[in-house]
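Take a moment with the sequence and the 3D view before reading on. The paragraphs below walk through the fold step by step.

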Amino acid sequence: MKRFMVAWGVMWLALSGFVSAADTNLVVLRTVGGVDSELKARLVSWVSTAITPVTDGGIAVPGTRTGKGPVVLILAGECKPGDLPASGTNGVVVVNLKALKLDDMTTSVARETYARRVEKLAVAGVAMQLGLLPCPFPRCALYQHETVQDLDEKARGLCPPCMGKLPEVIERYRNR
Ligand SMILES: [Zn+2]
């Protein structure tokens, strides 16, 4: 009987490892402050498509990331005046939603422009934390735009050369 219990324990461990496969995603998205759930779902979907699958991690809790954990993408609903629209360091990317809003958010065009700004900064931030470098191609999400106009003109995704480097970078991040 005892031997059976041990075997069952091992099987249970293997099973739970399988069930939590989503937790092996290299990116987890968390929110802080008021964040629209539709925008959040859109970001989970887009970053998963453009880079690598994203786990929806719920509310951000300070100090939970360990050195080897996934990249943490934080959508922040509130920010102080003068805060950068986005920042990234030590595997944590923060996108300050308020800093990306247009003055007039009443039109559907404005709301789409805003959502795309968030997507572009999230993709660029995550890609750089995974190990990609800024890109000189103005249409690539990794282009270091200097004006809001440049931000609005670049794409939400990576250019073909950056896409080409992505699998190697992801592999290195996974095995670091
Ligand atoms: Zn590029």
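In what order do the strands form the open sheet? The order is β2-β1-β3-β5-β4, so named for 5 strands whose pairing is mixed. β2 (54-59) and β4 (86-89) stand at the edges. Each has a single partner strand, so one side of each is left without a neighbour in the sheet. Neighbouring strands are turned by 20 degrees against each other on average, with direction ignored.

A word on trust comes next. This is a predicted model. The mean pLDDT of the protein chain is 86, and 84% of its residues reach 70 or more. Confidence is highest in α3, at 98. It is lowest in helix α1 (residues 2-19), where the mean is 40. Over residues 1-22 the pLDDT is below 50. Beyond near neighbours in sequence, this stretch has 1 contact in the model.

Now look at β3. In the sheet order, β3 sits between β1 and β5. β1 and β3 run parallel, joined by 6 bridges. Two opposite pairs can be found here. V28 stands opposite V72 in β3, and L29 stands opposite L73 in β3. On the other side, β3 pairs with β5, again in the parallel sense, over 5 bridges. There, A76 stands opposite N96 in β5.

Is β3 mostly covered or mostly open? It is mostly covered, with 6 of its 6 residues buried. The cover reaches both faces. V71, L73 and L75 are buried on one side. V72, I74 and A76 are buried on the other.

Helices lie across this sheet. α2 lies across β1, β2 and β3, and runs at about 160 degrees to β1. α3 lies across β1, β3, β4 and β5, and runs at about 165 degrees to β5.

Strands and helices meet again in the core. In soluble globular proteins, nonpolar side chains tend to be buried together. Here the largest nonpolar core has 40 residues. Which of them touch the most other members? They are V47, L73, V95, A122, V126 and L142. β1 (27-32), α2 (37-50), β3 (71-76), β5 (92-96) and α3 (108-130) each supply at least two residues of this core. α3 gives the most, with 8 residues.

A122 shows how these parts come together. Which residues is A122 in contact with, leaving aside its neighbours within four places in sequence? The contacts are L43, V47, L73, V93 and V95. Of these, V47 and L73 are also among the core residues that touch the most other members.

For a contrast, turn to S48, which lies in helix α2. Is S48 buried or partly exposed? S48 counts as partly exposed, because it has 16 C-beta neighbours inside 10 Å, while a buried residue needs 20 or more. Not counting residues up to four places away in sequence, S48 touches P53 and V54. S48 and V27 are 21 residues apart in sequence, yet 8.6 Å apart in space, C-alpha to C-alpha.

Notes:
Residues are numbered from 1 along each chain as its sequence is written. This is a predicted model: local features need pLDDT of at least 70, side-chain atom pairs count only at pLDDT 80 or more; totals for chains, interfaces and linings use all residues. A nonpolar core is a set of buried Ala, Val, Leu, Ile, Met, Phe, Trp, Tyr and Cys residues joined through C-beta atoms within 7 Å. A residue is buried if 20 or more other C-beta atoms lie within 10 Å of its own, exposed if 12 or fewer, and partly exposed in between; C-beta atoms are placed from the backbone. Helices (H or I, at least four residues) and strands (E, at least two) are DSSP runs, numbered from the N terminus. Two residues are in contact if their C-beta atoms, placed from the backbone, lie within 7 Å. Two strands pair if DSSP finds at least two bridges between them. Axes are lines fitted to C-alpha atoms, for helices over the stretch in contact, and angles run from 0 to 180 degrees between N-to-C directions. pLDDT is the predictor's confidence in each residue, from 0 to 100.
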